[in-house]
Amino acid sequence: MKNDIVRLAGKPVDIKRGISAFASQDAMTPAIALYGVIGIDFRARDLAVALSQYAKAPELDIYVHSAGGSVVEGLALYNIFQRFEGFKRFHIDGIAASMMSVVICAGDEVVMPDNTQVMIHLPRLGPNEGGMVADDLRGLADHLDEYGEKMLDAYVRRTGQPREVLLKLTRNETYLSAIEALELGFADTVTTPLEMVAQINLDQPQEQTPMETVTSPAAPAT
């Protein structure tokens with residue numbers, strides 16, 4: 001049968017990670033099988049090695065079944081197939097999803113049995129299920145800006161500092177000491193020990209260390 005394939009024997013390079021090299025029984029047309037996750041089960045460098053033995057082949061069959069994977073690795077796969085000068089025929093054995101749907105676009109022909117699928121979507125940050133696309137991130141950025149404005153409102157009301165000063169401090173993720181917080185108006189009182197005790201006498205009742213109080217001029221009298 002035309003699409004029957006047999007594994008080529010005696011060539012260690014025929015299998016690189018998740019990439020298997022085959023040859024069709026008719027005229028020994030070379031074929032590559034890509035099964036698994038792009039960037040995990042197989043990578044661009046593995047495809048380059050597997051294809052190097054077929055550089056002069058007039059045509060190539062590529063059998064795929066993949067839920068996608070790395071965008072960067074997938075683009076590299078696409079470019080490697082694009083450079084292959086022979087006729088490229090992709091066969092979808094199960095699904096060509098996500099980034100694999102881009103890879104198959106490098107083919108001159110795509111063959112799909114009627115029980116197979118192609119799934120396309122925008123790139124996501126995080127897992128495919130529940131990950132965020134660029135529009136989600138833009139929306140999230142808007143929400144973060146809204147919350148940031150509410151936080152700045154509270155800072156301005158509390159400290160009386162100019163909004164642009166506080167905005168710069170928040171963008172730099174500023175850590176304030178107690179004295180710095182006092183100076184900016186975030187705090188009203190700072191207490192510090194007057195004396196550090198290096199040892200104690202367990203035979204005598206202990207007196208509390210006297211405390212010095214630093215108070216903001218703006219703090220109300222009590």
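In this predicted model, helix α1 (residues 44–52) packs against helix α2 (residues 71–83) with the two axes 9 Å apart and at an angle of about 20°. That angle makes α1 roughly parallel to α2, since anything under 35 degrees falls into that class. As for handedness, α1 goes past α2 in a right-handed crossing. On the α1 side the contact is built from A44, L47, A48 and L51, and these face E73, A76, L77, I80 and F81 of α2. Sorted by type, the contact of α1 with α2 comes out as eight nonpolar residues, no polar ones and one charged.

F81, one of the α2 residues in that contact, also turns up in ring pairing. The structure holds two aromatic pairs. In one of them, the rings of F81 and F90 sit with their centres 5.2 Å apart and their planes at 75°, so the pair is edge-to-face; the cut-off for that label is over 60 degrees. F81 has 0% relative accessibility and therefore counts as buried. Its partner F90 is likewise at 0% relative accessibility, so F90 counts as buried too.

The other pair joins Y155 and F186, whose ring centres are 5.4 Å apart and whose planes meet at 75°, so this one is edge-to-face as well. Y155 belongs to helix α4, while F186 is in the loop between α6 (178–184) and β9 (189–193), so the pair ties together parts that are 31 residues apart in sequence. Neither ring counts as buried here: Y155, at 27% relative accessibility, is partly exposed, and F186, at 28% relative accessibility, is partly exposed. The buried class would need a value under 20%.

Y155 leads on to another helix contact, because it is among the α4 residues that meet α5. The axes of α4 (residues 134–159) and α5 (residues 163–171) come within 10 Å and cross at roughly 125°. The two helices are therefore oblique to each other, as 125° lies outside the parallel, antiparallel and perpendicular ranges. The crossing in which α4 passes α5 is right-handed. From α4, the residues involved are E149, L152, D153, Y155, V156 and T159, and from α5 they are R163, L166, L167 and T170. By type, the contact of α4 with α5 divides into five nonpolar, two polar and three charged residues.

Methods
Residues are numbered from 1 along each chain as its sequence is written. This is a predicted model: local features need pLDDT of at least 70, side-chain atom pairs count only at pLDDT 80 or more; totals for chains, interfaces and linings use all residues. Side-chain values use heavy atoms; hydrogens and water are left out. Axes are lines fitted to C-alpha atoms, for helices over the stretch in contact, and angles run from 0 to 180 degrees between N-to-C directions. Helices (H or I, at least four residues) and strands (E, at least two) are DSSP runs, numbered from the N terminus. Angles under 35 degrees count as roughly parallel, over 145 as roughly antiparallel, 65 to 115 as roughly perpendicular and the rest as oblique. A crossing is left-handed if the near helix is turned anticlockwise from the far one by less than a right angle, and right-handed if clockwise. Contact means heavy atoms within 4.5 Å. Ala, Val, Leu, Ile, Met, Phe, Trp, Tyr, Cys and Pro count as nonpolar, Asp, Glu, Lys and Arg as charged, and the others, Gly among them, as polar. Rings of Phe, Tyr and Trp (its six-membered ring) pair if their centres lie within 6.5 Å; planes under 30 degrees apart count as stacked, over 60 as edge-to-face and the rest as tilted. Buried means under 20% relative accessible area, exposed over 50%, partly exposed in between (1.4 Å probe, protein chains only).
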